[in-house]
4 protein chains.
Amino acid sequence: MTTPHTSRPLKERQREEREQLILDAAEALLVEKGYHEMAMDEIAARVGIAKGTVYLHFPSKEELLLALTRRDMSNFIATIDQHLAQASTPAAKLAALVAYQLNAVFGSRFQALIAISQNPELRTRFIDQKSQFALQRQQLEERLTRIFEDGKVSGDFAADIPTPVLVSLFETTLAAHRYQQLVTEHHLTVEDLIAQVTRFFFKGVAAETPHERNPQ
Amino acid sequence: MTTPHTSRPLKERQREEREQLILDAAEALLVEKGYHEMAMDEIAARVGIAKGTVYLHFPSKEELLLALTRRDMSNFIATIDQHLAQASTPAAKLAALVAYQLNAVFGSRFQALIAISQNPELRTRFIDQKSQFALQRQQLEERLTRIFEDGKVSGDFAADIPTPVLVSLFETTLAAHRYQQLVTEHHLTVEDLIAQVTRFFFKGVAAETPHERNPQ
Amino acid sequence: MTTPHTSRPLKERQREEREQLILDAAEALLVEKGYHEMAMDEIAARVGIAKGTVYLHFPSKEELLLALTRRDMSNFIATIDQHLAQASTPAAKLAALVAYQLNAVFGSRFQALIAISQNPELRTRFIDQKSQFALQRQQLEERLTRIFEDGKVSGDFAADIPTPVLVSLFETTLAAHRYQQLVTEHHLTVEDLIAQVTRFFFKGVAAETPHERNPQ
Amino acid sequence: MTTPHTSRPLKERQREEREQLILDAAEALLVEKGYHEMAMDEIAARVGIAKGTVYLHFPSKEELLLALTRRDMSNFIATIDQHLAQASTPAAKLAALVAYQLNAVFGSRFQALIAISQNPELRTRFIDQKSQFALQRQQLEERLTRIFEDGKVSGDFAADIPTPVLVSLFETTLAAHRYQQLVTEHHLTVEDLIAQVTRFFFKGVAAETPHERNPQ
DNA sequence: TATGAATGAGGCTTCATTCAT
DNA sequence: CATGAATGAAGCCTCATTCAT
């Protein structure tokens, strides 16, 4: 995706392309069936190569998943940065992120990240043991932290909610695997859903005006 | 937990107790490592019995997980009903649920349900194929649906958010595995966290008039 | 069956009766499903006792089968002796045996012996290793040997067929598990079948008259 | 055995050869120990390959046995057809079969078929459930049926014995696992034994001349 | 480099046997 | 004696990983 296509030798470009195809297949399988059912055999079959070839690119199933995570995280952060650069106020930035992420929920890329983050099996394997993932996760949080702290200063967000809590609420609200179901079963459009969730989130984190009362 | 300890023969009580211990061990392993790593061998080892003994209680690994799900769902719904009976207004009921569930997040019971619901491998196996799970899930949603619809009538909740969306937002907000981390890493107390999340949620779903009422 | 009912204490008589019931159940299972599928659990269940009780009578599954074999062999030999005592000429003796055995084919007792003799699994286990079975087998063969040698002297049977071959032909002809099928599928009566097989066998082993043709 | 060695690629030939080796090992084990004791582990060990490799050729133990049965049945029928084509009269055909089969008794191939046919466990599994086996069995019976009916017309065989009975008598007479023992223990040559059994069978099924005596 | 056949550790499940009650 | 819960060895099968071609 961000691969330069010109300056490198053909062989290496082909290699890179195939690597992406392998990751794509792995991602699809991961979302469909989970980590254990994501068999090396089937990954290779979907790409149309031999199983051994997968091992020429990734030394183990675990490393393959790590690479997948790195790629998706990396793409994810890069896309976020683009959105952030285009919006001005913290609230506008957040709104852009919300829209982007909810759209992403319906693509497999983001679901793979969710699957990895939420599956205890994978969490143990990755978050706890491998620093790369933690690093990227941290990059993501830094961006959100900055937005929320800016927004507190500008009066957009409730200053009495600790920023880590805001970040968590943001991630939580957006990481919902159930939204998909809402669209399918309750006949909402994706646009409506985005609008509703966005409004919900902004009302929830808004700085309280004198007229609002504390619900507790 | 709800087992009567007096009227039944000793043997049966012991059997029931052991069954609970097996489910407890399975639950812990499921949360720690996921379904595949939850080996029958290790379940037995944790309970301190032989592998074959597990099979005297549950005919297969899959049935063991189904039983675990049934138990946890059942306990979960029962506890929720208790909370609902004690609160009066819809907002108060929700507040009770929020507090209960967030507390539950820190116990394994609820995490197991989340693990089962979110793991694609298990979702396929259970939600799609076994009606028991779908039935209990539906019972849960009915309760939430009723609260939200009552709350719309009483003016507590935004009438223009479709009820299924409210239900999803509720579940989403509360099913956050990351809250645990917040307490651990950012030194929040559980009580503070509950207060913050509650306020966030209620602001987010509140009817947007100046005259909002106190949910409690 | 041959148990004396008067001179022994009640307890021992009951014990002996139960032992027979266990052997009966084992026999039925052996014929129905073979040795491995003959589970100790099911034997006990069919008798209506606990599994452990079976082990009070027989120290192992193998010993149970050995006891079964002993009993059936013993009954078999005893019944044969009765028939032999009642018939006069060798041919009449053999005819009595043929009729008896073919009738027995349709009872489970004889089938169990066939099952044991013919199953390689059991043959290895019993004939080769345990002398009891070989001993009883030998008793059976002695009787047949005597009849055939008498019959050769009297001119009933072909003197140029070695007696062990005659014995084998006899056993072979009668041990046919396929006769059952003939009755079921081709609507022969048991009586007809016995008549046909008897005639076949006697013609086959008869001393040759000058008028018979050479088949080759 | 009937594999062409020239026209196919090397890989496929090796694969086929290995498959035959696996079937050979399975066959030997089946005859030696029966179906349950025929462990996949040991089959692999005897061929000198790993357990998993067996599963590259046969998807389950049951399928392996089915393939074994198919192969042996198929070879058996093919060889029989060769013999039949070379002999002219029904009696000569039968004599050829008798000689062939009795020779086969001393090879494992035929014993495996007997083991499968006679084991109740396997009978249930194969004859009742899988049509392939029934089909091949039927092919075998058709050939015998034709010979016997031809032989009745030509006056070689007793017309008053129903053909299915003749077929059964034939199979019964030849399927004797005890013949082996005769050669071993009573020092008969295989040729003598074949001559004796052949004569026995033909006398038994011959059309009756006026001079024969009725043994009953 | 690419292949895919081969490997074998590891997981689920069964069942003969034991033993505390 | 009788019970049947408990045990654990052993068997079938899968799949990540290796390696000869």
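Mentor: A residue is near a molecule or strand if one of its heavy atoms lies within 4 Å of it. This is a predicted model, in which local features need pLDDT of at least 70 and side-chain atom pairs count only at pLDDT 80 or more, while totals for chains, interfaces and linings use all residues. Residues are numbered from 1 along each chain as its sequence is written, chains are lettered from A and ligands numbered from 1 in the order in which they are written, and side-chain values use heavy atoms, with hydrogens and water left out.

Trainee: How many residues surround DNA strand E, and which are the closest?

Mentor: DNA strand E is surrounded by 27 residues, the closest being Arg18(A), Thr53(A), Tyr55(B), Arg18(D) and Thr53(D). Of the strand's atoms that come within 4 Å of the protein, 66% belong to sugar and phosphate.

Trainee: Which part of DNA strand E lies 2.4 Å from a polar side-chain atom of Arg18(A)?

Mentor: A polar contact is a pair of N or O atoms within 3.5 Å; within protein, one must be able to donate a hydrogen and the other to accept it, and residues adjacent in sequence count only if both atoms are side-chain atoms. For Arg18(A), the partner at 2.4 Å is a phosphate oxygen of DNA strand E. Arg18(D) also places a polar side-chain atom by a phosphate oxygen of this strand, at 2.3 Å. Lys51(B), in turn, has a polar side-chain atom 2.9 Å from a base oxygen.

Trainee: Which elements give two or more residues to the surface near DNA strand E?

Mentor: Helices (H or I, at least four residues) and strands (E, at least two) are DSSP runs, numbered from the N terminus. Here the elements are helix H3 (51-57) of chain A, of chain B, of chain C and of chain D.

Trainee: How does one read the relation of chain A to chain B?

Mentor: Two copies of a chain are related by a rotation about an axis and a shift along it. Copies are superposed by least squares on the C-alpha atoms of residues with pLDDT of at least 70 in both. Chain A is superposed on chain B by a rotation of 178 degrees with 0.2 Å of shift along its axis, at an RMSD of 0.5 Å. That is the relation of a two-fold axis. Within chain A, Gly204(A) has the C-alpha nearest the axis, 2.2 Å from it.

Trainee: How many residues does each of these chains bring to the contact?

Mentor: Contact means heavy atoms within 4.5 Å. Chain A contributes 52 residues and chain B 57. Because 98% of the interface residues of chain A are also interface residues in chain B, the copies meet through the same surface. Buried area is the accessible area (1.4 Å probe) that two parts lose on being put together, summed over both. Between chain A and chain B it is about 4,500 Å², with carbon and sulfur atoms giving 54%.

Trainee: How many salt bridges cross the interface of chain A and chain B?

Mentor: A salt bridge is a side-chain nitrogen of Lys or Arg within 4 Å of a carboxyl oxygen of Asp or Glu. There are two across the interface of chain A and chain B, including Asp160(A) with Arg199(B), whose closest N and O atoms are 2.8 Å apart. Eight residue pairs are in polar contact there, both residues at pLDDT 80 or more. H11(A) gives the most to the side of chain A that touches chain B, nine residues.

Trainee: What is the buried area between chain D and chain C?

Mentor: That area is about 4,900 Å², and the contact takes 59 residues from chain D and 56 from chain C. Asp160(D) forms a salt bridge with Arg199(C), at 2.9 Å between the closest N and O atoms.
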